[in-house]
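Here are some exercises to work through with the sequence and the model side by side. Try each task on your own before you read its solution.

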Amino acid sequence: MNKYDPALLEQWDKEYVWHPFTQMQQYTREKPLIIARGEGSYLIDVEGNRYLDGVSSLWVTVHGHCHSALNRAIKEQLDKIAHSTLLGLANIPSILLAKKLVEITPPGLNKVFYSDAGATAVEIALKMAFQYWQQKEGGRFRNKTKFISLVEAYHGDTIGSVSVGGISLFHGIFKPLLFECLHAPAPYCYRCPLEKERENCGMACADRLEELLKEHHQEVAAVIIEPLVQGAAGMITAPDGFLRRVRELCTRYNVLLIADEVAVGFGRTGRLFACEHEGVSPDLMCLAKGITGGYLPLAATLTTDEVYSAFLGKPEEGKTFYHGHTYTGNPLACAAALASIELFEKENLLAALQPKIELLHRKLDSFWELPHVGDIRQRGMMVGIELVADKRTKQPYPMEEQVGHRVILEARQRGLVIRPLDNVIVLMPVLTMSEEELNQVLEITYESIAVVTGK
Ligand code: PMP
C-alpha cells in the first residue's frame, strides 16, 4: 500500500478529517484538493497540478511558499531548540521578536504578550482590558466590564472572541454561551445599516458609536475593531477617517481601543499595519496570521505601559495576569517571524506592493461590467467582489444557489485557489506575487464569475 496514493488520501481525508468552516456533507461529495507542496505563489497538489494561491492560504502567506530565507531560519532554530516555555523561562527568538515588534508597531505599544492564534490574541486583549479596569486606581473603575464591537465583526472562534463577534451566521447559535457585548453599526456603505447615502452620510455609523459610548462609557472596558477592513464579513472597507474617529471617541470617553490587526497586519493593506493609514495608536493590538510570513502558528497582543503598569504588584496582591498557552512564544515560530520581518526590510516589500495594488485597482474596474457584480471593495491587497442576484435592488443570491462556491470551483479548474465568503469572492494574493501572476489571478476570477453568473 502506498500511503501517498492520491486516491487513498482522498478516501482517508473524507473518512477522518473534519474540516473547519465546512459543510462536510457537501465537502465529501466533491473531490478534495490535497496540497503536497508550495512554491512561491503556487500550491501544488498530490497529482502535481499547480494552482496560484489567490487567498494566501487563508490570508497568511507574505513572501510566498517555501521561501529559502524562512526555511533556513526555522531549520537553524530547530537545531537549537524547538520549544521551551515562557512560564518562568525566556528564550532568545521571543526576546528579539518582542523588541522588534515594539519598534515596528505604532508608538506607545511597548509590551508583547505571546500566544498562538488570532483568536487567542483577541482573548488576551479582552481579558487584559477587563482586568486593567478592575485593578486601576484601587478598583475605582470596576464597573467597566463590557465591550463594544461592530455588527459584522469577526475576531475568532473561541467563546470570548465569538462574544464580541457580530456575524449571525457564524455566531448566532452560540448566543446563550456568550457574555454581553454592545454593537455599533458596521461601516458597510454598500448596504448601509442606517440607510444613508455614502456621499453625504456624515459617517452616521460613527455617530451611533458615540451615542453608545455617551450612554455606557462608565461600564465599557474597550471598543474592539478590525481596522479599515472587516474581513470575514466580506471585506467591508470602512470610509477614510472612520478608524481615527473611533480612536478619538475612545480617548474622549475613557475607553480602551483594541485594534484587531490579525487579518490586516503585516503589509496586507499596503502599510505594515492598518492603523498607520490614519496615524492611530491603539491601547491594545492583536497580531497573528502574517506575523510568521504564514509559516507557523504565532500571535502577539501588544499593549501600553499604562495598561501593563496596572498589573504590577506583590504576588499576594493578585494583580498577575493569569493567562498562558503552552506553546506561547514558541522559538521556531518567533524565529520565522524575525526572518519574515527582516525580509520586509531587505526586499523593500512595502514599496514593491504599491504598483501591484494599483494594478489590482485598475483591473478590477472591468469587473463592474459583469451583470451580477454588485460591489467591489479593495484595500491594498485585500479584495471582496460581492455578487448579487439583482444589481439594481442589491438582492443577494439565495444561499442554496451556492454561487460563491461555484465560482471558486470554476477558478480551481483554471488553476487558481480562492475561497469565498458566502457570495463575496475574496482575493488575498500572496504579497510577493508578480504582476504577471496577479494578472492571471484577475483573468481567471473574471472568467469564473462570468461562467457562473453570466456576462
Ligand atoms: N481576527 C480577525 C480579524 C481575523 O480575520 C481572524 C481570522 N480570520 C481572527 C481574528 C482569528 O484568527 P485565528 O483563526 O488565527 O484564530
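**Exercise 1. Find out what share of the contacts in the protein chain with a separation of 6 or more comes from residues 24 or more positions apart, and work out why a radius of gyration of 22 Å agrees with a compact globule.**

Step 1. Start with the contacts: in this predicted model, residues 24 or more positions apart make up 70% of the contacts with a separation of 6 or more.

Step 2. Now turn to overall size. Along the principal axes, the C-alpha atoms of the protein chain fill a box of roughly 65 × 60 × 45 Å.

Step 3. A compact globule of 455 residues would have a radius of gyration near 23 Å, and the protein chain has 22 Å, so the value agrees with that expectation.

Step 4. Finish with burial: 44% of the 455 residues count as buried.

**Exercise 2. Decide whether Tyr4 is buried or exposed.**

Step 1. Locate the residue: Tyr4 sits in the segment before α1 (6-16).

Step 2. Count its neighbours. Tyr4 has 9 other C-beta atoms within 10 Å, and a residue counts as exposed if that number is 12 or fewer. Tyr4 is therefore exposed.

Step 3. For a sense of distance, compare Tyr4 with Val162: they are 158 residues apart in sequence, and their C-alpha atoms are 38 Å apart in space.

**Exercise 3. Trace the open sheet of seven strands and name its edge strands.**

Step 1. Recall the general idea: strands of a sheet pair through backbone hydrogen bonds, either parallel or antiparallel.

Step 2. Read off the order, which is β4-β12-β11-β10-β7-β5-β6, with mixed pairing. At the edges are β4 (111-115) and β6 (181-184), each pairing on one side only. From one strand to the next, the twist averages 20 degrees.

Step 3. Zoom in on one pair. β5 (residues 146-150) and β6 are parallel, with four bridges; Ile148 has Leu182 in β6 as its bridge partner.

Step 4. Add the helices. α6 (residues 118-135) lies across several strands, including β4, β5 and β12, and runs at about 25 degrees to β12. α9 (residues 204-216) lies across β5, β6 and β7, at about 150 degrees to β6.

**Exercise 4. Describe the residues that surround the ligand.**

Step 1. Count them: 14 residues surround the ligand, and the closest are Gly118, Ala119, Gly156, Val262 and Ala263.

Step 2. Sort the shell by class, and you get eight nonpolar, four polar and two charged residues.

Step 3. Ask where they come from. The largest share, three residues, belongs to α6.

**Exercise 5. Explain why β1 and β16 each have one side without a neighbour in the sheet.**

Step 1. Write down the order of this open sheet of four strands: β1-β2-β3-β16, with mixed pairing.

Step 2. β1 (35-39) and β16 (416-417) stand at the edges with a single partner strand each, so one side of each has no neighbour in the sheet.

Step 3. Look at the middle: β2 (residues 42-45) and β3 (residues 50-53) run antiparallel and are joined by three bridges. Leu43 has Tyr51 in β3 as its bridge partner.

**Exercise 6. Work out which way the side chains of β17 point.**

Step 1. In β17 (residues 424-427), Val424 and Val426 point one way, while Ile425 and Leu427 point the other way. All of them are buried.

Step 2. Find the pairing: β14 (residues 382-390) runs antiparallel to β17, with four bridges between them. Leu427 is the bridge partner of Val383.

Definitions and conventions:
Residues numbered from 1 in each chain as written. Predicted model: local features only at pLDDT ≥ 70, side-chain atom pairs only at ≥ 80, totals over all residues. Pairing = 2+ DSSP bridges. Helix = DSSP H or I, 4+ residues; strand = E, 2+ residues; numbered from the N terminus. Axes fitted to C-alpha atoms, helices over the stretch in contact; angles between N-to-C directions. Contact = placed C-beta atoms within 7 Å. Near = placed C-beta within 6 Å. Nonpolar A, V, L, I, M, F, W, Y, C, P; charged D, E, K, R; others polar. Rg over C-alpha atoms; globule rule 2.2 N^0.38 Å. Buried ≥ 20, exposed ≤ 12 C-beta atoms within 10 Å, placed from the backbone.
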